[in-house]
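Please read the following report alongside the sequence and the coordinates. It moves from the overall fold to individual positions.

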Amino acid sequence: MKEQLAYTRSVVLPRRAAELRAEIDSFHVEYCAVLDANDVERWPEFFSKEAKYRITSRQNALLNMPVGLVYCEGLDMITDRALAVAHSQMFAPRHMLHVLGITRVLQETSNTISSQTPFILMQTLVEGPSTVHLAGIYHDRFVREGERLLIASREVVHDTEILDTALAYPV
């Protein structure tokens, strides 16, 4: 992961990168809409069967530490996490809002697309102000299933070492 955090030049031609960026942005619009609507049970629909999902700090990523605050390997684990969050919320009611930056398309192979997308996750407690809940970068590898993109791997690398206790919710 350390290498992913360093700048690497995109190997995708600009016109093709723009096409892929539009496709990835459309994916993110739906992904974030599901989470922002608190429809967490639909979250697994965005992942491939063999997907990996991890949330980790920038420090852990720089040290190539495999540990993540959240780690799911395979769609079954992702589904279990979604159901656990949906049916056992132990935190105050809140609204979440994803704000995404410009996606960098890094590489395209015959069956995968690698990209990085910066994000800010805003949180508004029902009885409180809006705050930045988390900021970082999605390090993604997408695969195609028919005409649809699915996440094969999502490494959510957050910038802070101090986290809110509500990070159980998907990012």
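Read along the sequence, the chain of this predicted model follows the pattern α-α-β-α-β-α-β-β-β-β-β, with 4 helices and 7 strands; helices (H or I, at least four residues) and strands (E, at least two) are DSSP runs numbered from the N terminus. Residues are numbered from 1 along each chain as its sequence is written, and side-chain values use heavy atoms, with hydrogens and water left out. Because the model is predicted, local features need pLDDT of at least 70 and side-chain atom pairs count only at pLDDT 80 or more, whereas totals for chains, interfaces and linings use all residues.

The C-alpha atoms fill a box of roughly 50 × 35 × 30 Å along the principal axes. Of the 171 residues, 40% count as buried, where buried means under 20% relative accessible area, exposed over 50% and partly exposed in between (1.4 Å probe, protein chains only).

Two strand positions are set out below.

| Residue | Strand | Relative accessible area |
|---|---|---|
| Serine 48 | E1 (residues 47-57) | 11%, buried |
| Isoleucine 120 | E5 (residues 112-125) | 36%, partly exposed |

Leaving aside neighbours within four places in sequence, serine 48 is in contact (heavy atoms within 4.5 Å) with Leu75, Val143, Leu150, Ile151 and Ala152.

Ile120, in turn, joins Leu97, Val99 and Val132 in a nonpolar surface patch of about 330 Å². Patches are made of residues with over 30% relative accessible area and no salt bridge, with like charges joined within 9 Å and nonpolar side chains (Val, Leu, Ile, Met, Phe, Trp, Tyr) within 5 Å; a salt bridge is a side-chain nitrogen of Lys or Arg within 4 Å of a carboxyl oxygen of Asp or Glu.

Conventions. Accessible areas come from the Shrake-Rupley method with a 1.4 Å probe; for residues, only the protein chains shown count as cover.
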